[in-house]
Each structure stands twice: as C-alpha cells, then as structure tokens.
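Biologist: I've got the sequence and the model open side by side. Can you walk me through them?

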Amino acid sequence: WSHATTIEGPIEGMEYPMMTFTPNSAVREDQQWVIAHEFGHEWFPMIVGSNERLYPWMDEGFNTFIDLGNAAKYFQGTPYGDSIEVHPLHLYSDHAKPGDEQPLITNPTQVRDLFWVGYQKPALMMQMLRYEVLGKDRFDAAFREYINAWAFKHPTPADFFRMMRDESGMDLDWFWRGWIYSTARLDQSVDSVATRADGGSNVYLGNRGTMVMPAEVSLTFVDGTHTIVKLPVEMWNLGSQFVYRVPEKKKVTRAEADPRRALPDIDRANNAWPRGSSGN
Ligand SMILES: [Zn+2]
C-alpha cells in the first residue's frame, strides 16, 4: 500500500484495505495491541489473501501470532512484554475443553469459541512450530517464503502446508493433523527409568495423549550433573512408547519431560520420574 491509516472510530477494532478502525483504550498495552493487530490485517488477509470466511486461523491466527512477538519486543523488559508470548499457552486449559473444543478447520459460522479457534490456538500452533518443532531460523525462512510467494494471491490451507514442508524440508502432516484437523491433546510422560548392565540408564517415555510432538527431557545423574536431551517427533513413529538409551554410562536419578513447560501437556503429574519430583 502507498499508505495506511488508523482511525479512532466508534467501533471496536476492524480492518479494511489501507484503513483500520481502533477503539480508544485506556491502557497503553491494549492500545498498542489493537493498533498492531488491525494494521497486521493489511498483510493478513489484505496482501496474503487467504479466505477469512473459511479459514480465520490463516489471517486472524497468523496475525495474532505476529502481534504476540511484536508486543513482546515493543514492551520488552516490562512484566507485560516479558510474559505476553506465553498467553496462548496459559489459555489452553480454559479453552481446549475435551468434548467441546472444535478443530481449527471448522467453518467459523459453526465455531462457538472463535477467540480460541480463530485467534489464540492458531497463534499457539505457530509458536509451537517456530520454537519447538522447526526452530526460529527454519520457521522464519519458510514463513517468509509463504508470504512472498502468496502475496496478492489466494492461498488455501494446502498451499500453506506445502510451502512450510518444502521450505523447511520437514514432513509436517502429523503437525497439521494434531493442530488443525483435530483437537488432539498432548500428554507426554516419563514412565520409568531402569539401570542397564553397563551402568547406564534407559528412560521409558510415553505418549499417552492423541497428539504427537518432539520431546525434551531433562536428566539428572547420580553424580549430580544434568543434561537436556531433545528427541525428534519421529520417536513416536512406531508407537506410543519409546525407550531412550542414555549414552552416558552412569545412573539417571531423575528424568522430566518438557521441563521448560513449553508444551500444552494436559497432565503434568506423569512428567517426572520419580513421581512427585517435578518442580510443582
Ligand atoms: Zn483481527
């Protein structure tokens, strides 16, 4: 666009090509959010023209994902700025209610909780893809290419999936299945730890939910040292149990899945072994 204008208007935030309306907010953080969000629509869906009537996750969701990173940067060093990016993860337990939650692909006219399905959960999905699956560099390069390739065109979900797969070099069908086409829920566990004949340990990991994600496990050894192990999602290819043979030839005294609490794990009581040793 040659320019874009935002206007304090009589309605809550609303976007149009080259012009947005925003309310007058009493709180600076809220004001920044709504201006950034409505302006964000100049990219999604005004330039990258996905179908907002069918796929709100592709414009409201992508936009919200970028707004979160933007707000974190803009208010960096403040309590708000330093916590805003985990907001969608914290909303998870209140909104991802089993039996009531609807998949992102649901036609929005039938969506009961559009705040979650159209905005916050897709933002969480994009954060998971960026921080936990692909890593920032690989994600950013792929997502930028999606934006470049589909600017002034009309991408469908399949176009987005193809672009993210081809640019990242990673099969992501499992990810879209869990995050977009279903309401799969994640429950990783450390089931037990056993000592091997060579003095090392085997860690028995479980995937008790319906969603798969890569696993990060923190290990504490008998000598008090720690290590963090990152296991790729392919670990679950052969089923919901996985034995990690710890290469170190010393006993593991404690193991915990998702120690950063970065994933929407629905049952943290089974994340640490021995049970009850989690940092709760
Ligand atoms: Zn919006």
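What follows is a chat about the metal site, the helices and the sheets.

Modeller: Before we start, this is a predicted model, where local features need pLDDT of at least 70, side-chain atom pairs count only at pLDDT 80 or more, and totals for chains, interfaces and linings use all residues. Residues are numbered from 1 along each chain as its sequence is written, and side-chain values use heavy atoms, with hydrogens and water left out.

Biologist: Which residues are the protein donors of the zinc ion?

Modeller: Donors here are N, O and S atoms within 2.8 Å of the metal (3.2 Å for Na, K and Ca), and water is not among the atoms, so sites may look incomplete. The protein donors lie 2.0 to 2.7 Å from the zinc ion, and Glu60 supplies OE twice. In sequence the spacing reads H-x3-H-x18-E. The residues are His37, His41 and Glu60.

Biologist: What is the arrangement of the four donor atoms around the zinc ion?

Modeller: Four donors count as tetrahedral if all angles lie between 85 and 135 degrees; four count as square planar and six as octahedral if opposite donors are over 155 degrees apart and all others between 65 and 115; anything else is irregular. Here the angles run from 52 to 146°, which makes the arrangement irregular.

Biologist: Is Glu60 buried or exposed?

Modeller: Buried means under 20% relative accessible area, exposed over 50%, partly exposed in between (1.4 Å probe, protein chains only). His41 has a relative accessible area of 0%, so that one is buried. Glu60 has 10%, so Glu60 is buried.

Biologist: How many of the 19 residues of α2 are buried?

Modeller: Helices (H or I, at least four residues) and strands (E, at least two) are DSSP runs, numbered from the N terminus. α2 reaches 25 Å from its first C-alpha to its last, close to the 27 Å expected at 1.5 Å a residue (the expected span is 1.5 Å times one less than the number of residues). The helix is largely enclosed by the rest of the structure, because the buried count is 14.

Biologist: What covers the buried residues of α5?

Modeller: The buried residues of α5 include Phe139, Phe143 and Trp150. With contact meaning heavy atoms within 4.5 Å, the cover includes α2, α4 (114-134) and α6 (157-168).

Biologist: Which strands stand at the edges of the β1-β3-β2 sheet?

Modeller: This is an open sheet of three strands with mixed pairing, where two strands pair if DSSP finds at least two bridges between them. β2 and β3 (residues 19-22) run antiparallel, joined by three bridges, with Tyr16 opposite Met19. Two strands have a single partner each, so one side of each is left without a neighbour in the sheet: β1 (5-8) and β2 (14-16).

Biologist: And in the four-strand sheet, which are the edge strands?

Modeller: The order is β7-β6-β9-β10, with antiparallel pairing. β6 and β7 pair over six bridges, while five bridges join β6 (residues 215-221) to β9. The edge strands pair on one side only: β7 (226-231) and β10.

Biologist: What does Glu256 stand opposite in β10?

Modeller: Glu256 belongs to β9 (residues 252-257), which is largely enclosed because five of its six residues are buried. β9 and β10 (residues 272-273) pair over two bridges in the antiparallel sense. Opposite Glu256 stands Ala272.
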